[in-house]
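Dear colleague,

I am passing on the structure we spoke about, with some notes on what came out of it. Please look it over alongside the text below.

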Amino acid sequence: MRTVSVLTYDGMSAFELGIVTEVFGLPRPELDVEWYRLTIHAHGPVRVVGGATLTADAPLDAIAAAHTVIVPGVSDVRAPVDPAVVAALRAAHANGARLVSICSGAFAIAATGLLDGRRAATHWRYAARLAARHPEVEVDAGVLYVDDGDVLTSAGSAAGIDLCLHLVRRDHGATTANAVARRLVVPPHRDGGQAQFIETPMPAPEDDAVTASMAWALANLAAPITVDLLARRAHLSTRTYLRRFKQGSGTSPIRWLIEQRVQASLPLLESGDRSIDEVAAAVGFESAVTFRHHFTRALRTSPSAYRRAFKDR
């Protein structure tokens, strides 16, 4: 049985603890897999945001025995990380645990030195501060989470849901992760990254035409799609379309289209026996080479490796 241990401390958000508890702590008798054992760790009683007090069931140093250690957002990104927390995380990692952070929890993991030379995510508001404090870390403010094997980091609090589901997907396959997502009433995988949330204005009502063009693109991913074609479908000039698309989504049409094609390839890789060339063609990439390039850039793994790791069991 895999043990998931979550760190708690004064000033933490109960929401992030709740995410971990909901995904890993609830029994899942409807799933034909051995579920996780969740343990909660702290020095002692801790005060959470809102005034409640939480009593943890295990001491901090006991996280060394966990398979996975999850660190919710720190209470103050300006403050140094408790040396006891740093020591406990280092010991857990040295013992083979994978370390996972939610939101500003990346500051705690970065303090251990284990993120040096790695790519990492955190809330977009804290990305510049994390990069300044730990210049050896490649901070990516545009993604919902980063999986670097034994160390995984997520963006803002809700992105912790995405990362927790990703962990279930890694451990038990797509079918199980999808079942958990349905029970949570959330999508198994959200498209896009934090760019869509970084002080971006909501689309204006007149952008219904842009939204309609995006819906058409999703229904026709296998077809050749250009910005000019999307603009014509929206009855806009290319320049106006580009501006309104950026305002509404926080990204460009081509980048968005590539993301949709990569995401559409995932279920084809997870199940079925189509070749990589066939999958590439099915989601609209010109060649398997182009598909592999964009897939690896987006997910930090190859389509073939993804298929081996995530194909339904």
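**Helix α9 and its surroundings**

In this model, which is predicted, helix α9 covers residues 238-249, and since its 12 residues at 1.5 Å a residue should span 16 Å, the 16 Å found between its end C-alpha atoms agrees with that expectation. Within α9, the residues Tyr241, Arg244, Phe245 and Ser249 are buried, and because these buried residues fall within an arc of 110 degrees when seen down the axis of α9, they line one face of the helix. This pattern can be set beside a general point, namely that an α-helix has 3.6 residues a turn, so residues three or four places apart point the same way. The partners against which the buried residues of α9 pack are α7 (208-219), α8 (227-233) and α10 (253-270).

On either side of this helix there is something to note. Serine 237 lies in the loop between α8 and α9, where it is partly exposed, with a relative accessible area of 38%, and its side chain makes a polar contact of 2.9 Å with the side chain of threonine 240. Just after α9, glycine 250 adopts a positive phi of about 80 degrees.

**Histidine 294**

Histidine 294 belongs to helix α12, residues 288-299, and because its relative accessibility of 19% is under the 20% cut-off, histidine 294 counts as buried. Leaving aside residues up to four places away in sequence, histidine 294 touches Ile258, Val262 and Phe285.

With best wishes

Conventions. Residues numbered from 1 in each chain as written. Predicted model: local features only at pLDDT ≥ 70, side-chain atom pairs only at ≥ 80, totals over all residues. Heavy atoms only, no water. Helix = DSSP H or I, 4+ residues; strand = E, 2+ residues; numbered from the N terminus. Expected span 1.5 Å × (residues − 1). Buried < 20%, exposed > 50% of the residue type's maximum accessible area, 1.4 Å probe, protein only. Arc of directions from axis to C-beta. Contact = heavy atoms within 4.5 Å. Polar contact = N/O pair within 3.5 Å; in protein donor to acceptor, adjacent residues only side chain to side chain.
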